[in-house]
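This report describes a ligand site and one residue of a protein model. Look at the sequence and the structure before reading on.

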Amino acid sequence: MRIAMIGTGYVGLVSGACFSDFGHNVVCVDKDARKIEALEAGIMPIYEPGLAELVAGNARAGRLSFTTDLAPAVAQADAVFIAVGTPSRRGDGHADLSYVYAATREIAAAIRKPMVVVTKSTVPVGTGDEVERLIREVAPDAEARVVSNPEFLREGAAIEDFKRPDRIVIGTDDEEARAVMREIYRPLYLNQAPLLFTGRRTSELIKYAANAFLATKSTFIHELADLCEAVGADVKDVSRGIGLDNRIGGKFLHAGPGYGGSCFPKDTLALLKTAEDCQTPLRIVEATVQVNDSRKRAMGRKVIKAMGGDVRGRTVAVLGLTFKPNTDDMRDAPSLALIQALEDGGAKVRAYDPEGVDQARPLLPGTEFTDDPYRAAEGADGLVLLTEWDEFRALDLKRMAALLKAPILVDLRNVYPPEEAERAGLTYFGIGRGAYSAG
Ligand SMILES: NC(=O)c1ccc[n+]([C@@H]2O[C@H](COP(=O)([O-])OP(=O)(O)OC[C@H]3O[C@@H](n4cnc5c(N)ncnc54)[C@H](O)[C@@H]3O)[C@@H](O)[C@H]2O)c1
């Protein structure tokens with residue numbers, strides 16, 4: 001199969017590289033010339049474990065190439081995937097579909113043979129209908145079947161998720177389009193990857209429903225963590241106690257500073273807009289969004305309280321900036337609200353992140369960055385562990401305690417057992433951990 005992937009970001013690049021690894025011939029298109037130049041030179045525009053090797057191998061084999069020139073890539077393709085961004089629209093939180101529609105117009109003008117146009121971007125219900133209408137408007141004679149195929153990969157584990165997905169959702173009622181999609185995913189299908197065929201609108205909604213559910217589950221444990229602090233219980237044990245129940249499951253029950261990232265915040269908002277437009281409110285999702293927003297701000301207050309109530313003129317060391325480990329993605333990361341709150345309180349923040357600093361620097365102009373976690377802690381009045389990167393899981397806590405001016409550890413991911421931190425000479429504050437919480 002010849003595939004054109006429009007948009008070479010976290011989703012487009014990983015999907016394109018994986019499709020080429022299955023043996024398809026893939027051209028990745030992006031209008032960002034610097035990204036394409038870098039990719040042609042073997043430099044990854046994002047951090048994703050294993051991606052550089054996957055891209056290099058398939059580029060060498062001649063199955064994967066990069067271009068800014070959309071028209072020839074589309075003209076030769078059997079299937080075109082739209083994987084451009086769908087950020088929150090400023091002002092109303094609706095998904096901004098301008099990139100999807102701009103790409104659609106360009107694709108329509110370039111179609112030269114029957115083909116399948118697949119929306120991989122996360123798009124609100126009905127977007128596929130509009131994509132189809134636009135193609136007809138721009139190229140009335142084009143034979144294009146529009147399919148929804150939402151992506152469920154997680155940054156940080158994207159290649160594994162793409163190659164071994166829990167399910168592949170394909171939204172179209174068109175039998176020929178289904179056959180093309182079956183062929184594209186056939187290499188996974190042999191590995192028992194479950195293909196779920198649905199109508200196009202249903203497929204579009206499944207993606208939002210999945211993200212809203214996970215955001216809600218995560219927010220549920222965050223609120224319970226607050227209750228644990230009030231009653232002297234330990235949320236880690238509560239999570240385990242309920243997560244071992246198969247009906248509940250242990251995933252997304254880790255208490256932390258609130259969800260962030262490039263998907264949950266914008267997708268929950270976009271789903272609420274759809275629900276509002278249809279006059280069928282989703283009150284549980286509304287509450288989730290509100291609770292999460294206030295939680296991110298509350299984390300700043302929690303750190304300030306742990307440091308004695310006043311951080312003016314004091315230095316706070318922050319370990320981890322990205323919204324989760326194994327990515328450099330800073331979109332809507334809880335670190336942004338937390339550091340803002342600390343700086344608003346008059347603190348100076350010194351931060352370290354293994355991969356996120358390049359993206360964080362323009363977003364956090366008042367923050368000092370170091371290239372080592374211990375250097376961040378030197379002479380600081382408190383240490384905040386914010387993203388649970390592997391390299392923060394076995395820190396030399398005694399060394400940390402010795403380096404800090406005030407040996408305070410605020411562990412917003414509950415990485416360390418409180419007793420271990422206290423044995424190392426640190427005053428420990430976690431999330432939802434009874435006596436060890438400052439909230
Ligand atoms: N990031 C994730 O973990 C994830 C997971 C599942 C789904 N999604 C969804 O996938 C979509 C893409 O997300 P992302 O994180 O990869 O976005 P991204 O911002 O990393 O990448 C989008 C890319 O599209 C390019 N682009 C925009 N318009 C273009 C055009 N007309 N022609 C060519 N290139 C164009 C941009 O230059 C950019 O490189 C979004 O809808 C997102 O919600 C993301």
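How many residues surround the ligand, and which are the closest? The model is a predicted one, and in it 27 residues surround the ligand. The closest are Asp30, Lys35, Thr86, Glu155 and Lys266. Sorted by class, this shell holds nine nonpolar, eight polar and 10 charged residues.

The table lists polar contacts between the protein and the ligand.

| Residue | Protein atom | Ligand atom | Distance |
|---|---|---|---|
| Threonine 86 | polar side-chain atom | oxygen | 2.5 Å |
| Threonine 122 | backbone N or O atom | oxygen | 2.9 Å |
| Serine 262 | polar side-chain atom | nitrogen | 3.3 Å |

Taken alone, the ligand exposes 840 Å², and the protein buries 91% of that area. Two elements, α1 (10-21) and α5 (98-110), give two or more residues to the shell around the ligand.

The rest of the report concerns a single residue, alanine 225. Alanine 225 belongs to helix α9, which covers residues 200-231. Is alanine 225 buried or exposed? The relative accessible area of alanine 225 is 0%, so this residue counts as buried, the cut-off being under 20%.

Which residues does alanine 225 contact, apart from its neighbours within four places in sequence? They are Val235, Ala255, Arg295, Ile431 and Gly432. Leucine 397 lies 172 residues from alanine 225 along the chain, and the C-alpha atoms of the two are separated by 25 Å.

Terms used
Residues numbered from 1 in each chain as written. Predicted model: local features only at pLDDT ≥ 70, side-chain atom pairs only at ≥ 80, totals over all residues. Heavy atoms only, no water. Near = heavy atom within 4 Å. Polar contact = N/O pair within 3.5 Å; in protein donor to acceptor, adjacent residues only side chain to side chain. Areas by Shrake-Rupley, 256 points an atom, 1.4 Å probe, with all protein chains shown as cover. Helix = DSSP H or I, 4+ residues; strand = E, 2+ residues; numbered from the N terminus. Nonpolar A, V, L, I, M, F, W, Y, C, P; charged D, E, K, R; others polar. Buried < 20%, exposed > 50% of the residue type's maximum accessible area, 1.4 Å probe, protein only. Contact = heavy atoms within 4.5 Å.
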